[in-house]
Amino acid sequence: ADSASLSITGNITLECWVKFESTPASGNIQTFMAKWDDSGVNQRSYWFALQNSGGTLRFLLSVSADGIAGDNLVRNWTPSTGTWYHVAVSWVASTSTAQFVVDGVQQGADVVGTATAIFNGIAPFQIGAYNDELVVSPFDGVIDECRVWNVARTVTQINDNKAAELVGTESGLVAYWPFDALAVPSGSYTQWPLMMGKSFRGPAG
């Protein structure tokens, strides 16, 4: 769903644990998290995914400043199926700079784009897919421990906390899905009771 806390317009960090059952075929994408509606209503904000571009697997962070055009920041990364990875992206608005991180290690150099803000749209926030009316670019596997921050976390901060359950009062934490409870606990973040169980199994596609 859409919410004020997830309508981030500046610095952002997205992170989760993932295990692939398959990786996307050429020309396809599997989504980790997104606030992005591609159904012709110009409600694109941000989208974190794994993309297959002509046979090359790569991270994709797309941010839109106007809800229409997406600024695509990419970094090559080839995961294996059946293996757990902690994946994260941290984006600094003022410099349009992204850092992609796997298991606490930055993948390559910083990636620089052109957008310096994120559109404050009404598209729903989704895990494992994107879009409002249709399930698009679904994740094939398991997703766990999803976190959204309205700050650009450093690689050190991401690494130091990737395997720790959060308290909920961490500065900048705006949403947290540990997938181990349905109740909304106390704290400064939002734990949306979206999925049952300890992890979210994405639809095959």
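In this predicted model, the sulfur of cysteine 146 lies 4.6 Å from the closest cysteine sulfur, that of cysteine 16, which is too far for a bond. A disulfide requires two cysteine sulfur atoms within 2.5 Å, so this pair does not qualify. The structure accordingly holds zero disulfides, and cysteine 16 is in none. Cysteine 146 counts as buried because its relative accessibility is 0%. Cysteine 16 is likewise buried, with a relative accessible area of 0%.

**Salt bridges**

Side chains of opposite charge can pair when their charged atoms come close. The structure holds three salt bridges, listed below with the separation of the closest N and O atoms.

| Basic residue | Acidic residue | Closest N and O atoms |
|---|---|---|
| Arginine 147 | Glutamate 15 | 3.9 Å |
| Arginine 44 | Aspartate 38 | 2.5 Å |
| Arginine 147 | Glutamate 145 | 2.9 Å |

Through shared partners, salt bridges join Glu15, Glu145 and Arg147 into one network. The pair of arginine 147 and glutamate 15 links distant parts of the chain: arginine 147 belongs to strand E11 (residues 141-149) and glutamate 15 to strand E1 (residues 12-20), with their positions 132 residues apart in the numbering. Both of these residues are buried; for arginine 147 the relative accessibility is 1%. Glutamate 145 is buried as well, at a relative accessible area of 13%.

In the salt bridge between arginine 44 and aspartate 38, the arginine counts as buried because its relative accessibility is 16%. Aspartate 38, with a relative accessible area of 30%, is partly exposed.

**The open sheet**

Five strands, in the order E5-E4-E3-E2-E10, make up an open sheet with antiparallel pairing. Its edges are strand E5 (71-76) and strand E10 (125-127), each of which pairs on one side only. From one strand to the next, the twist averages 15°. Within this sheet, strand E2 (residues 29-37) and strand E3 (residues 43-53) run antiparallel and are joined by eight bridges. Methionine 33 has phenylalanine 48 as its bridge partner in E3.

**Serine 62**

Strand E4 (residues 56-63) contains serine 62. This serine counts as buried because its relative accessibility is 1%. Its side chain is joined to that of asparagine 72 by a polar contact of 2.7 Å. Leaving aside residues up to four places away in sequence, serine 62 touches Trp36, Ser45, Tyr46, Trp47, Gly70, Asp71 and Asn72.

Definitions and conventions
Residues numbered from 1 in each chain as written. Predicted model: local features only at pLDDT ≥ 70, side-chain atom pairs only at ≥ 80, totals over all residues. Heavy atoms only, no water. Helix = DSSP H or I, 4+ residues; strand = E, 2+ residues; numbered from the N terminus. Buried < 20%, exposed > 50% of the residue type's maximum accessible area, 1.4 Å probe, protein only. Polar contact = N/O pair within 3.5 Å; in protein donor to acceptor, adjacent residues only side chain to side chain. Contact = heavy atoms within 4.5 Å. Pairing = 2+ DSSP bridges. Axes fitted to C-alpha atoms, helices over the stretch in contact; angles between N-to-C directions. Salt bridge = Lys/Arg side-chain N within 4 Å of Asp/Glu carboxyl O.
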